[in-house]
Amino acid sequence: MGGAVYEIYPRTFYDSNGDGIGDIAGIIDKLPYLEDLGIRTIWLTPFYPHGGVDGGYDIRNHKDVDPEFGSIEDIKRLIEQAHNLGIKVMVDFVPNHTSNKHEWFAQSCDDPEGQFGNYYIWVDPKKRGPNDPKMPENVVGGDRLVGMPEEYTVPNNWTSIFSISEREKLKKQYGGTIPEGVKVPAVTAWVWHPGRRQFYLAEFTKEQPSLQWANPTVRKAQTDVLHFWFDLGVDGARIDVLNHILKDPELKDEEPVPDGEYDPNNDNPHDQKTQKYMVSYKPVLKLYIPQIQAVADKYPDRSIQFVHEDWITALKGDMSGDQISKLRPELDTAFNLARLLQTNKEGWRAAIHKRLLDLYHLAFFTDPDLIGGIPNEVASSHDVDRVVTRLGWHASRAAALIMLTAPGTPYIYQGEEGGFPNVRYEDIPLRMRRDADMGLRDGERCPMMWSRRKNAGFSDAPAANLWLPVDPNYLELNLEDQAKDPCSFYSLYRALLHTRNSSEELSHGGYNPMETDHQDVLAFGRSHPEERRQYITVVNFSEKEVEVAILNAKQNLARIAISSETVLTEDRSKVIRLDQGRIKLKPYEALLLEPVA
Ligand code: GLC
Ligand code: CA
């Protein structure tokens, strides 16, 4: 797509009509801000009518706008005005599940023989013998099995991705840390439906029944959703949990996590099990994914883009070899979540990030299955703690410099450009906590801090009516003040984006791994293969000042274009010799060196 994508969580971006909830008209108001920042595409997380349990990802109607956000007319206006500014628009496509309030689900429950009867994954109950256990090992029913007759049990041991509440309970019971050896129960992925006397699968909350992708009518209905938005002028889609649509048709039990690999305190749901059968079931990939891609082929004169989410592959660190990416590089690859997962205090090591960057970005120039695909970089989203919270102030500025000088498409989450941290959980009043099931994602979803005005300029509503509270630190961290400070977080992002947008090498050039003579310093270059000069990113991962030599630069002369610490300063304009001199880096400092003409 060329240029940076900016993820917007509409609820907390900008409220144009003072009801406390961000809206589409508010996004339109802020388009000039985004253009000035240097953004080339916006991705909107779901704004569709929803059931209110999973931040918009429980959709009631895929082809409409929830009235709290506006109307289809507003979306049309947004697309038109964004396009006038050269900004593309991506929507969130949620193929795997709907809300239980979706019309399809209502019909599916009421009429098993009807048109929608097989739209979801319905399974007959298993009868258990007198000595059989009530539930599979370490699986609990929670409130999902209400009304299930005693003699039944769930179809298999699959569990919900949102099983965190069980772990939280145990953590409390053990005073913070669960002792090794304790297995944390997870909530079954099945929900008993007394009407149909069957179970339906719901991998996230119980209000999000999973669609039956093996049913061609479902596939058609969902690809029609894409047509609906592309026909309206939308330029691409972020595909929600794409790896979840692939399930083992025999519903085989997951295998136990190997001994020694189980960590009772790890609340990353994907990390605890093999998840071979409920998620990422490879044999059916070939069937489904090309059908999604074929939608884009219907618009030959437009460049429709996809990016999709696959946490499991990222956890295995197996990014380039991922089958999903390889199957259709045009499906624009998975989010590069592997590096995001290491962007925290424990993972902030030069060797770790060098390995991940080199492996991933080189693959797009060397692996025949990936050439032509578009790599990406992502540091935060509406699902993970904000990068400043994970990494601290200085290192997260360095992380931004890496992200915005690496190849491919950078994905910036709203507010990342202001260095906003999570709002602390304790600062979110109980009655305002929204992400009940996961519990933990409200902190990164709190409102944008635009200015010093009331509610940080996010909304005119009384503070008590806001969807989520504004960070009490907004007087120090708002964007209006930051725009006046040449060294602010915002100024760093803006300088990096503008430099990137005006440089052919940084936008489209190759990736050159580089060596330095210091173990805490990583470097890579950006140039076209035939070029003798390159941009160089050099990053000090340590908390100490270092002096370093870059060992395999293409050229001898360079100039410091941007520092993550001081952004742009006058003495930075001097030319340095790479062949003789050593470069000085402050603690956690990253530099972008530009070629000297
Ligand atoms: C994706 C979304 C997340 C949502 C989940 C279920 O991971 O990013 O917010 O909860 O899918 O739809
Ligand atoms: Ca509003």
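This dialogue reads two features of a predicted model, the surroundings of ligand 1 and the setting of T12.

Q: Which residues come nearest to ligand 1?

A: A residue counts as near a molecule if one of its heavy atoms lies within 4 Å of it. Here 13 residues surround ligand 1, and of these D54, H97, D240, E309 and D383 come nearest. By class, this shell is made up of four nonpolar, two polar and seven charged residues.

Q: Which side chains have a polar atom at a short listed distance from an oxygen atom of ligand 1?

A: A polar contact is a pair of N or O atoms within 3.5 Å. In this model, an N or O atom in the side chain of D383 is 2.4 Å from an oxygen atom of ligand 1, while a polar side-chain atom of E309 lies 2.8 Å from an oxygen atom of the ligand, and one of H382 lies 2.9 Å from an oxygen atom of the ligand. The protein covers 96% of the 310 Å² of accessible area that ligand 1 has on its own.

Q: Is T12 buried or exposed?

A: Buried means under 20% relative accessible area. T12 has a relative accessible area of 0%, and is therefore buried, although T12 lies in a loop, the one between strand 1 (4–8) and helix 1 (24–29).

Q: What is T12 in contact with, leaving aside its neighbours within four places in sequence?

A: Contact means heavy atoms within 4.5 Å. On that basis, T12 is in contact with G22, Q414, R445, C446, P447, M448, F458 and W467. With Q414 there is also a polar contact, in which the two side chains are joined at 3.2 Å.

Definitions and conventions:
Residues are numbered from 1 along each chain as its sequence is written. Chains are lettered from A and ligands numbered from 1 in the order in which they are written. This is a predicted model: local features need pLDDT of at least 70, side-chain atom pairs count only at pLDDT 80 or more; totals for chains, interfaces and linings use all residues. Side-chain values use heavy atoms; hydrogens and water are left out. A polar contact is a pair of N or O atoms within 3.5 Å; within protein, one must be able to donate a hydrogen and the other to accept it, and residues adjacent in sequence count only if both atoms are side-chain atoms. Accessible areas come from the Shrake-Rupley method with a 1.4 Å probe; for residues, only the protein chains shown count as cover. Ala, Val, Leu, Ile, Met, Phe, Trp, Tyr, Cys and Pro count as nonpolar, Asp, Glu, Lys and Arg as charged, and the others, Gly among them, as polar. Helices (H or I, at least four residues) and strands (E, at least two) are DSSP runs, numbered from the N terminus. Buried means under 20% relative accessible area, exposed over 50%, partly exposed in between (1.4 Å probe, protein chains only).
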